[in-house]
Amino acid sequence: MAHEHPSTAAQLKIDLLAIGIAMVFAGLIRFNILPLIKW
Amino acid sequence: MSTQTIPIPATTPSLPTRILRTLPGVGLLFGIGLLGKTLEHTFTLLRVRYHLFLPQIEYVLWAILLGLLISNTIGVARIFRPGVATYELWLKLGIVFVGARFLMQDVLQIGGLSLGLVAVELILSLSVMTLLGRIFKLPPKLTSLLAIGSSICGVTAIMAAQGAIEPEEEETSTAIAAILMLGALALFTFPAVGHALHMGDQAYGMWAGLAVDNTAEATVTGAIYSDTAGRFAVLAKTARSSFIGFVVLGYAVYWASKGKAAVVENKALFLWEKFPKFILGFLAISVMATTGFFTAPQLTSLSNLSRWAFLPAFAGVGLRTNLRDLVGRGWRPLVVGFLGEIFIATVTLGLVYWSYNHGVPR
């Protein structure tokens, strides 16, 4: 597979997306909108 | 008659189209991860219930082995590539969620210890890589990239340095290939050394986080050993990554002073731009966990979410490692990287042992 390494600008987008998704899930869990997640 | 070419503006696919294109690859990542989890359970069942002589292989290692097998035999088909490239998002998401498993006191104490060890490791590894680069007559900028990649944060640091020290494209891809190759070796050698030395989970995790270059490989090298080791590898690696800006700035100033790179005008802005922002998410979740924002079952949920996010990331590490690609870049950068990595691994192992024998609580 050809490797494509994200530039610093692309990595910023990935970082912000990761933080955004994590915060949304944290909110959903905090306010019991999501059930307890099992592993 | 003159022909005139009417330029067709390059169109970027719309967001829904781009998301749709990632679905097959994301499915593949989760599929491999879940298969790894199933194989772990199946092997355990066969061993316990039927007393078969089978090795205990964690899902992490299964996911990587399956990924490696696919990428190095049939290869990753074009349809899966956009989705496989999302492995970095899953990795960073997993790291942010791992913040829920650390109280701020731990972050400050262990992270602080990591920062101290990183500072020592940085000075030694940058010096040794520079010396090795000169001995093996590597181009100076390639040596700088290898030194940055091996001392700090692998591919992310190399990409951050690319804009600052302006190397040839070939030098960047060679440095990345060498760092990835060495990271792939660490996946298998570090756990073996850790078990041979009977290292504790925390000490081993710290060692993996301090010595393995790339964030993905460092996380996996820790997680292969144990869940706790994976957690501490993430913490140590995060502390190490926070140094990216300082090291890249140092090299940028050095190459600018030689007239071979642009001068950095605003150094504070430069440091902020190079700082990996996902670390802020990790810290934010850790602060919330510490201040009692979540109940204990909710913290367990977040902790389990981090495992679910790491599952496709681990599969992605295997899928994006093509050993032929990595070997075909000439032997000298690999030898320099290999010797440098052995040095860094030995020094950091010594540092971790010294720290844990001098009052660091486990």
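Is Lys137(B) buried or exposed, going by the other C-beta atoms within 10 Å? Lys137(B) is exposed, because 9 other C-beta atoms lie within 10 Å. Here a residue is called buried if 20 or more other C-beta atoms lie within 10 Å of its own, exposed if 12 or fewer, and partly exposed in between, with C-beta atoms placed from the backbone. The model is a predicted one, in which local features need pLDDT of at least 70 and side-chain atom pairs count only at pLDDT 80 or more, while totals for chains, interfaces and linings use all residues. Residues are numbered from 1 along each chain as its sequence is written, and chains are lettered from A and ligands numbered from 1 in the order in which they are written.

Back to Lys137(B), then. This residue sits in the loop between α5 (104-135) and α6 of chain B, just after α5(B). Helices (H or I, at least four residues) and strands (E, at least two) are taken as DSSP runs and numbered from the N terminus. Lys137(B) is not a glycine, yet its phi is positive, at about 55°. Most residues other than glycine have a negative phi. The helix before this loop, α5(B), has 32 residues and spans 44 Å from its first C-alpha to its last, close to the 46 Å expected at 1.5 Å a residue. The expected span is 1.5 Å times one less than the number of residues in the helix.

On the other side of the loop comes α6(B), which covers residues 140-165 and packs with α16(B), residues 331-356, at an angle of about 35° and with the axes 11 Å apart. Such axes are lines fitted to C-alpha atoms, for helices over the stretch in contact, and the angles run from 0 to 180 degrees between N-to-C directions. The crossing of these two helices is right-handed, meaning that the near helix is turned clockwise from the far one by less than a right angle. From α6(B), the residues Leu142(B), Leu146(B) and Ser150(B) meet a set in α16(B) that includes Pro333(B), Val336(B) and Ile344(B). Sorted by class, this contact has five nonpolar, three polar and one charged residues. Ala, Val, Leu, Ile, Met, Phe, Trp, Tyr, Cys and Pro count as nonpolar, Asp, Glu, Lys and Arg as charged, and the others, Gly among them, as polar.

Leu142(B) turns up again in the surroundings of Glu171(B), a residue of helix α7 (residues 169-196) of chain B. Leaving aside neighbours within four places in sequence, Glu171(B) is in contact with Pro139(B), Lys141(B), Leu142(B) and Leu145(B). Two residues are in contact if their C-beta atoms, placed from the backbone, lie within 7 Å. Glu171(B) counts as buried because there are 22 C-beta neighbours inside 10 Å.

What about the start of chain B? Helix α1(B) runs over residues 15-50, has 36 residues and reaches 51 Å from its first C-alpha to its last, close to the 52 Å expected at 1.5 Å a residue. At Leu23(B) this helix bends by about 35°, and a proline, Pro24(B), follows within four residues. The bend is the angle between axes fitted to the seven residues ending at a residue and the seven starting there. Among the buried residues of α1(B) are Gly25(B), Val26(B), Leu28(B) and Gly36(B). Their cover includes α2 (59-72), α3 (81-84), α4 (87-98) and α14 (296-319) of chain B. Following α1(B) is His51(B), with a positive phi near 55°.

Further along, Thr73(B) has its place in the loop between α2 and α3 of chain B. Thr73(B) is exposed, because 7 other C-beta atoms are within 10 Å. The C-alpha atoms of Thr73(B) and Asn322(B) are separated by 9.4 Å, although these residues are 249 residues apart along the chain.

Chain A comes to one helix and zero strands, and buried residues make up 21% of its 39 residues. Ala9(A) is in that helix, α1 of chain A, and counts as exposed, with 10 C-beta neighbours inside 10 Å. Asn32(A), in the segment after α1 (8-30) of chain A, is another residue that is not a glycine but has a positive phi, about 55°. Asn32(A) is exposed, since 11 C-beta neighbours lie inside 10 Å. As for the two chains together, 25 residues of chain A are in contact with 36 residues of chain B. On the chain A side, 16 nonpolar, five polar and four charged residues do the touching.
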